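This report introduces the surroundings of a ligand and the nonpolar cores of a protein. Please consult the sequence and the structure while reading.

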Amino acid sequence: MNAKVYLVGAGPGDSGLLTLRGYEVLKRSDVVIYDRLVNDSILAMIPEHAIMIDAGKSSGNHTLTQRDIESLMIEHAREGRVVVRLKGGDPFMFGRGGEEAESLMKAGIDFEVVPGVTSAISVPAYAGIPVTHRDYCSGINIYTAHDKNNLIPELTNTASIFLMGVSNSHALQEKLLCSLSPDTPCAVIERGTTSMQRVIHTRLDSLHDSVMTNHIEPPAVIITGNIADMNLNWRSHLPLRDKRIIITRPESRAEELSRMLRDEGAEVISMPTIKTSVIHHALDGINLSGYDWVGFTSVTGVNAFFELLCESRKDIRELGHAKIAAIGNATRDSLHAHGLNVDYIPDVFDGVHLAEGLSKMGGRILMFRASEGTKEINNIFMKYGIAFTEVCIYRTDYVKLKHVPKFADIIIFTSASTVRGFTHNIDTMRDVIAVCIGSQTAEEARREGFTRIRIAEGASVIKLFEAVMSLA
Ligand code: SAH
């Protein structure tokens, strides 16, 4: 990708509302300069190598001035980096995106604008308010509540949408009362599209009171006009709508679970704490024939095995008539997809039970494993005096997390190494509920200081999902 600046809209919060183009450029960025409103779930997508710069402009507490931000973008782009300027909602909707584009143009820097889903329209939508509807409203106006030009809406059949209105709600109410009736419907939506979303329906003459008594904090969207009474609420029955869930397993293996949780309304932060890589040439010089059993302990192991088989120009037929053992259903399915049927799966899906089972079958055993897999498997084979060969074909490393979310309701751990990868990076959140696959993972979570632990009743995505649903 060429060095240039991408002005990217991150959407209102829900990571599903980031555009495909936004995701694509973010994944290829070298530098990301982001605003305070950008959701943790989107910051967690920033690649490991990228430089992250918090432009963190909270009102009255500017960490970087607008001019600093503009010079940083220009400097990094001139040094040949792919710069993403990541802004909440849409970059050109009250985000100074226009000013930033102007300064890039003046400096002769190439840039691209990646529009985002603006909070002005999407946040009402998540609260069940369509911003136009033939029966209630024939147009919309979008205002900043800090309006320099003193424009005020005059018609209730026009929806007016105000951004940045929380700190200004009193003045806003007074101004609107000059032209609108006191009983004009209003809705206030705080942290829309996230697990913290709150919606308040009120009347114009109680707008400020409602903001105060409900302790509404920014960011919030205020909408006035007849349309604000609508409540096509499609979210309130979703069982996980108020849950923020961190998934720690590598992204390629987290997709299905993320989707299932999002379908139930959850805010999901995909935050892999480990990454796996194949150990190149691990199969070179290894004789695959002459074994009675060949065992696989994970889907990652199966994928690594076939990659290495290809790398070392070996042929699967070298395995001959060896029987195949897999740790659980997911590993079995992955072997099956490669044309290998599985002859044995233990009742309990873990390494110890796999080794116990194989020991009872006897014969010569070949195991393909992770380099840091539990030594308990070896101990069991030794206990039964079983001859076995172990080949380590992939390794697991901790990811260096660039961004740590401030809070969550649930963290999902799918292996002991995902727990260690988390605690390696983060020393808070031990009071968050940890949903763990299997007793070894739960044991590790306990050792690392988690106190509220739930164990999924089986090592599958469905069982993990059910364990989370039981917390709804
Ligand atoms: N460019 C942004 C707006 C930036 S101004 C966009 O297109 O959405 C910041 C204001 O946006 C906040 O004060 C608030 O009024 C609104 N806002 C942004 N995200 C929001 C959210 N998740 N829920 C409610 N309001 C939000």
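## The ligand shell

Around the ligand stand 18 residues, each with a heavy atom within 4 Å of it; M93, T118, S119, M164 and A220 are the closest. This is a predicted model, in which local features need pLDDT of at least 70 and side-chain atom pairs pLDDT 80 or more, while totals for chains, interfaces and linings use all residues. Residues are numbered from 1 along each chain, and side-chain values use heavy atoms, without hydrogens and water.

The shell consists of eleven nonpolar, five polar (Gly counts among the polar) and two charged residues. At least two shell residues come from each of α5 (119-126) and β12 (220-224), helices and strands being DSSP runs (H or I, at least four residues; E, at least two).

## Polar contacts and cover

Three polar contacts (N or O atoms within 3.5 Å) can be described through the backbone. A polar backbone atom of M164 is 2.8 Å from a ligand oxygen atom. For G192, a backbone N or O atom lies 2.8 Å from a nitrogen atom of the ligand, and for A220 such an atom lies 2.6 Å from a ligand oxygen atom. Of the 540 Å² of accessible area that the ligand has on its own (Shrake-Rupley, 1.4 Å probe), the protein covers 92%.

## The largest nonpolar core

The largest nonpolar core (buried nonpolar side chains, under 20% relative accessible area, joined within 4.5 Å) has 25 residues. L283, V294, F296, F305, L335, F368 and I393 touch the most other members. α9 (299-311) is among the elements supplying at least two residues, and gives the most, with six.

Note on methods: Buried means under 20% relative accessible area, exposed over 50%, partly exposed in between (1.4 Å probe, protein chains only). A polar contact is a pair of N or O atoms within 3.5 Å; within protein, one must be able to donate a hydrogen and the other to accept it, and residues adjacent in sequence count only if both atoms are side-chain atoms.
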